[in-house]
Amino acid sequence: MSTNNEGSTQGGATADSGSFDSLMRENRVFPPPAEFASRAWIKSEMEWEAMYRRSIEHPELFWAEAAEELSWSKKWDKVLEGTFPDPKWFTGGKLNLCYNAVDRHVEAGRGDKVALIWEGEPVGQVVKLTYSQLLVEVQRFANVLKAHGVKKGDRVAIYMGMTNELAIAVLACARIGAIHSVIFGGFAAHAISDRVKDCDCRVVVTQDMSYRRGAPIKLKEIVDAGLESCPDVRSVIVYQREPKFETPMKAGRDSWWHEEAAKVSAECPCAEQEAEDPLFILYTSGTTGKPKGLVHTTGGYAVQTYLTTKYVFDIHDDDIYWCSADIGWITGHSYVVYGPLQNGATVLLYEGAPNFPEQDRFWQIVDDHKVTIFYTAPTAIRAFIKFGVDKVRKHSLASLRLLGTVGEPINPEAWMWFHREVGHENCPIVDTWWQTETGGHMLAPIPGAIATKPGSATRPFFGIEPAVLTKEGDPVPNDHGGLLVIRKPWPSMARTIWGDDERFAQAYFSEIPGCYFTGDGARCDADGYYWLMGRVDDVINVSGHRLGTMEIESALVAHPKVAEAAVVGRPDELKGQAIAAFVSLEYGLDPSDELKQELRQWVAKEIGALARPDDLRFTPILPKTRSGKIMRRLLRELATTGDIKGDTTTLEDFSLLAKLRDNDD
Ligand code: ATP
Ligand code: MG
């Protein structure tokens, strides 16, 4: 890693200004491959500059032009009205997002193009749906929802595995103007009841079961347990994934999707939606605390997910696009369903685990379906690194032309591995920074135009004005860390927290007046590239130096024996806080005291003595949310008190808590 040791002298951060010290320097730069750029939507940095400048100087013109690429039943009167915390986009405009994602491609004569390729976890189960077929299925299910009393504005909870039917259920809601609330299919019963009650859903869509590492996950039974405390739910509609399993059905409440679909017509007109009508509610991942039910609306969300998919993934008609995120997360909403389908793309969905039946399943899927664009999370990449390179090298991967990451900062060495082993050094990597709250990409390279740097989410998307500020709202100079904010409203931003406008205004717009506060720390370099440094809540304050978690973790991951690392602060009488590191080694390596010392020294050498971990513990895995994000607050609690008592409802693997406690030395 190209780093320097001057960190401790360059920060100048005071303890509570909100700025951070930055220790890491990464100097590698990867220009867009010439062949990629030659056929890209945006082919050069100059072209990008001109477009970006215009999008900032004349945002309303820029977004209006983007919106014109979609179909509206009535054109908007005004592009943007009002500002934070309550901006309105495309007011007076009417459209239907399902129409834009499905119907209009069929009407344009592209009905025979494959819209969805579903790959089940059991090898050999594949179902493809063309746009015409998808249109029929969506209309039927929209009629099923109507038959169950669902009306415009009603909330529908969806708790399913990764199936085409999940996408169909989502689109059917959009078609009739119902508000979907997708609950990730890996959550437990109480997470379902919390979410169903929070937004008062009366209808729930689920499926009998889903496969995970070869085992059946009985989703319907989990729903039943969750709904024990939700007497207001009147209908549970169950998609039958696997007829060979017996599924309990409650008379008067539960019905089978296929039986209901057989009773209704295959024609259902699209409801005309106001641009600001709610489209969905989605609860955040819960990495930092209790999930919030963010509300997204129709018009602005449609435009930004459409445009970011077009430019950031440089999507073209012959692409086979695979985003490995579950539809239950914002990434799945925006970049499995709405963004790619509005672009008329062919989208692959995979039901199961990356390591089933073997650790090379993802690469097998890429080769089998000739995937061209592959979008995944750093946590998955770090798992592939742990699996060992022979798993990926067994496969050709020659179809790939673009790679993407989302969800956490990617450590530069994990980025390099992805670039080398998966991209064979000729696929650009788009590291996309955004949030449930932002609805669409905010920072990301435009791959034919912007050179990439490992570990940087690079430049803002068109129309997005980020800044790195102190707590007082003053700009932080280049190469110093601070609070990442967004200065102006953007179309796909969440409009509120369901039922709690005040909490919305408080959480995002009170910290720095006039700006959207992201909760993340970042620095901007002299080239205008943004580097995410970790969450503001996770900052470690060592002897008055405020350090983000990302740089220390990246230094650890740069050691050849380390696969994954998380660092947290614990109270220290002398220094204020001491650094505790949790390290997971590459497959087959054993922890030892020597290695512990070596790694502590390694960090000191890589980025400076200030960052040397005071404690270092080896752990086979790190605590993560169900979406794969490291839950540092649990590690902080463990390092501080020796135990974990905080909210663990979104934790992926509960048995891990016991393992972490056992490891406590
Ligand atoms: P909660 O808000 O409930 O604590 P969460 O923040 O994990 O959960 P999401 O909205 O899914 O919920 O995640 C957004 C966050 O993920 C960002 O604020 C950022 O911390 C992190 N993130 C996402 N993409 C990137 C990226 N490319 N680089 C760095 N960090 C990223
Ligand atoms: Mg968040």
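Student: Let's start with phenylalanine 90. Which strand does phenylalanine 90 lie in?
Tutor: Keep in mind that this is a predicted model. Strand S2 covers residues 88-91. Phenylalanine 90 therefore has its place in strand S2.

Student: Is phenylalanine 90 buried or exposed?
Tutor: Go by the relative accessible area, which is 0% for phenylalanine 90. The cut-off for calling a residue buried is under 20%. So phenylalanine 90 is buried.

Student: What is phi of phenylalanine 90 near?
Tutor: Most residues other than glycine have a negative phi. Phenylalanine 90 isn't a glycine, yet its phi is positive. The value is near 55°.

Student: Which other residue has a positive phi although it is not a glycine?
Tutor: Look in the loop between strand S26 (540-542) and strand S27 (545-547). The residue there has a relative accessibility of 44%, so it counts as partly exposed. Its phi is about 45°, and its name is serine 543.

Student: What is the phi of glycine 642, just after H20?
Tutor: Helix H20 spans residues 632-641, and glycine 642 comes just after that helix. Its phi is positive, at about 80°.

Student: And which residues of helix H20 are buried?
Tutor: A residue is called buried when its relative accessible area is under 20%. Going through residues 632-641 that way, the buried ones are Arg632, Arg633, Leu634, Leu635, Leu638 and Ala639.

Student: Which proline does a cis peptide bond join to phenylalanine 84?
Tutor: Most peptide bonds are trans, but here omega is about 0°. The proline lies in the loop between strand S1 (78-81) and strand S2 (88-91). You're looking for proline 85.

Student: What is omega for the cis peptide bond from phenylalanine 356 to proline 357?
Tutor: To find this bond, go to the loop between strand S17 (346-350) and helix H13 (361-369), where proline 357 sits. The bond leading to proline 357 from phenylalanine 356 is cis, with omega near -5°.

Student: At what angle do the axes of helix H7 and helix H12 cross?
Tutor: H7 is residues 164-176 and H12 is residues 330-342. Their axes come within 10 Å of each other. Angles of 65 to 115 degrees count as roughly perpendicular, and H7 and H12 therefore get that label. The crossing angle is roughly 65°.

Student: Is the crossing of H7 and H12 left-handed or right-handed, then?
Tutor: First find the residues that meet: Ala167, Val170, Leu171 and Ala174 in H7, with Val337, Tyr338 and Leu341 in H12. By class, this contact has seven nonpolar, no polar and no charged residues. As for handedness, the crossing is right-handed.

Student: Where is phenylalanine 462 found?
Tutor: This side chain has plenty of contacts for you to find beyond four places in sequence, including Ile42, Trp48, Phe62, Tyr311 and Ile446. Phenylalanine 462 has a relative accessible area of 0%, so it is buried. As for its place, it belongs to the loop between S20 and S21.

Student: How many Å separate the C-alpha atoms of phenylalanine 462 and glutamate 564?
Tutor: Along the chain, phenylalanine 462 and glutamate 564 are 102 residues apart. In space, their C-alpha atoms are separated by 33 Å.

Student: Is threonine 470 buried or exposed?
Tutor: You'll find threonine 470 in the loop between S21 and strand S22 (481-486). Beyond its neighbours within four places in sequence, it contacts Ser17, Val476, Leu483 and Ile512. Its relative accessibility is 12%, so threonine 470 counts as buried.

Student: Which residues does glutamine 435 touch, not counting residues up to four places away in sequence?
Tutor: Glutamine 435 sits in the loop between strand S20 (429-431) and strand S21 (466-469). With a relative accessible area of 11%, it is buried. UniProt's "binding site" annotation, from an unreviewed entry, includes Gln435 and Asp520. The residues it touches are Ile330, Tyr516, Thr518 and Asp520.

Student: Glycine 407 is in that annotation too. What is its relative accessible area?
Tutor: Look in the loop between strand S19 (402-405) and helix H16 (412-422). Glycine 407 is partly exposed there, because its relative accessible area is 30%.

Terms used: Residues numbered from 1 in each chain as written. Chains lettered and ligands numbered in written order. Predicted model: local features only at pLDDT ≥ 70, side-chain atom pairs only at ≥ 80, totals over all residues. Heavy atoms only, no water. UniProt positions renumbered as here; feature names shortened; annotations may be inferred. Helix = DSSP H or I, 4+ residues; strand = E, 2+ residues; numbered from the N terminus. Buried < 20%, exposed > 50% of the residue type's maximum accessible area, 1.4 Å probe, protein only. Contact = heavy atoms within 4.5 Å. Axes fitted to C-alpha atoms, helices over the stretch in contact; angles between N-to-C directions. Parallel < 35°, antiparallel > 145°, perpendicular 65-115°, else oblique. Left-handed = near helix turned anticlockwise from the far one by under 90°. Nonpolar A, V, L, I, M, F, W, Y, C, P; charged D, E, K, R; others polar.
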